[in-house]
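Let's take a walk through this one, starting with the open space and finishing at the surface. Keep the viewer handy as you read.

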Amino acid sequence: MTNYQFKFHPYQRPFKHPLSTSHGQWTVREGIILSLSDEIGNIGWGEIAPIPWFGSETLEQAFNFCEQLPQEITTEEIFAIPAELPCCQFGFESAWELVMGKGLSTKDFEPSKQHYSYLLPSYDAAKQSWEAPWNQGYRSFKWKIGIAPIEDEVKIVQELVEAIPASGQLRLDANGGLTKQEAEQWLMVCDTIGAVEFIEQPLPPEQFDVMLEMSHNYSTAIALDESVATLDQLEQCYQRGWRGIFVIKAAIAGSRKRLRQFCDTYPIDTVFSSALETTIGQQAVLQLAAELSDFKRAVGFGVNHWFNEGLRDG
């Protein structure tokens with residue numbers, strides 16, 4: 001039985017500007033960086049990046065779990081982390097794969113900017129913010145809705161669609177913050193415009209049946225995000241009939257091993273997306289994206305411009 005030396009420390013990663021979503025404003029991304037090392041000096045790094053309002057454990061729960069672990073842990077202990085700690089599962093399994101030499105080299109899975117979806121700023125600022133990333137090679141853009149009055153947001157989307165060249169794509173993300181009436185209004189607008197790739201999580205997860213029905217009634221695609229935040233939820237939505245787009249935030253979904261098994265078994269339409277983790281977590285997710293998807297849809301990793309450089313110890 002192999003033992004691994006285990007170390008961890010919390011971090012804080014400030015946003016340059018608060019990120020506004022229907023859940024509120026986010027000013028600092030907090031998480032945990034961990035390392036595992038074997039007896040011959042191989043080191044693997046992992047990241048625990050909770051988003052509790054998505055259904056993951058809290059940072060406090062993750063920290064308490066790490067704090068009660070011994071300084072040496074085994075493979076068996078890593079794969080026995082409970083499903084109630086999905087971010088811990090992901091972080092430890094990521095580090096274990098690296099220390100075991102199972103990780104891919106960066107060259108094997110690093111997509112180009114045209115395969116990243118760039119997260120635009122909220123409100124009117126979006127209209128002035130797409131051109132610079134377009135010139136850098138981005139062709140997919142994402143914008144948060146459900147923050148301002150719908151009439152104002154619809155007008156901005158119409159202006160964005162007119163401004164962005166036809167070879168570009170726009171995604172709208174509601175973070176579950178719309179009413180049924182607003183969601184239907186957005187879907188009708190997008191059907192008319194015909195240039196929106198999909199609306200992400202228009203309604204809260206508990207309104208799955210309504211979103212399932214909407215997915216059959218409009219030509220604009222709907223993608224599930226908060227509804228499929230964890231592997232248990234992902235499996236449940238598939239079993240309940242969802243055959244649309246699944247946005248997978250692997251860093252909060254849970255076990256890498258179990259995610260591979262699910263994606264190998266069921267041919268789902270995936271968009272691998274950032275949980276606003278650091279480079280350590282991003283690389284671990286992009287490895288999975290390279291294994292489990294063909295990048296026919298841009299991955300949701302055009303987000304690093306939202307952060308100041310560097311980390312602070314928590």
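Which strands each supply at least two residues of the lining of the largest pocket? Bear in mind that you're looking at a predicted model. The list runs to strand 1 (3-21), strand 2 (24-37), strand 5 (116-119), strand 6, strand 7 (169-173), strand 8 (196-200) and strand 12 (299-302). Strand 2 gives the most, with three residues.

To find the middle of that pocket, pick out Leu-19, Lys-144, Lys-249, Ser-274 and Leu-276, which lie nearest its centre. They belong to a lining of 29 residues, and the pocket holds about 330 Å³ of space. Chemically the wall is a mix: 13 of the lining residues are nonpolar, nine are polar and seven are charged.

Now for the enclosed spaces. There are two cavities of 30 Å³ or more in the structure. About 40 Å³ of space lies in the largest cavity, and its lining is made up of Ser-122, Tyr-123, Trp-143, Lys-144, Ile-147, Ala-148, Asp-152, Glu-153 and Ile-156. Two elements give two or more residues to that lining, namely strand 6 (140-144) and helix 6 (150-163). Helix 6 gives the most, with three residues. Sorted by class, you get five nonpolar residues, one polar and three charged.

Lys-144 is worth clicking on here. This lysine is among the residues nearest the centre of the largest pocket, and Lys-144 also turns up in the lining of the largest cavity. Strand 6 likewise appears in both places, as a supplier of at least two residues to the pocket lining and of two or more to the cavity lining.

The second largest cavity has about 30 Å³ of space. Around it sit Phe-65, Leu-69, Ile-73, Glu-77, Ile-78, Ile-81 and Phe-92. Six of these lining residues are nonpolar, none is polar and one is charged; Glu-77 is part of that lining.

Last stop, the outside. Ile-43, Trp-45 and Leu-98 form a nonpolar patch on the surface, and together they have about 290 Å² of accessible area. Ile-43 lies in strand 3, which covers residues 43-48. Is Ile-43 exposed or partly exposed? With a relative accessibility of 49%, Ile-43 counts as partly exposed, because the exposed class takes in only values over 50%.

Terms used. Residues numbered from 1 in each chain as written. Predicted model: local features only at pLDDT ≥ 70, side-chain atom pairs only at ≥ 80, totals over all residues. Heavy atoms only, no water. Patch = residues over 30% accessible without salt bridge, like charges linked within 9 Å, V, L, I, M, F, W, Y side chains within 5 Å. Areas by Shrake-Rupley, 256 points an atom, 1.4 Å probe, with all protein chains shown as cover. Salt bridge = Lys/Arg side-chain N within 4 Å of Asp/Glu carboxyl O. Helix = DSSP H or I, 4+ residues; strand = E, 2+ residues; numbered from the N terminus. Buried < 20%, exposed > 50% of the residue type's maximum accessible area, 1.4 Å probe, protein only. 1 Å grid on protein atoms, 1.4 Å probe; cavity = no way out; pocket = protein on both sides within 12 Å on 5 of 7 lines; lining within 4 Å. Points joined across faces, edges and corners; volume = space filled by probe spheres on them. Nonpolar A, V, L, I, M, F, W, Y, C, P; charged D, E, K, R; others polar.
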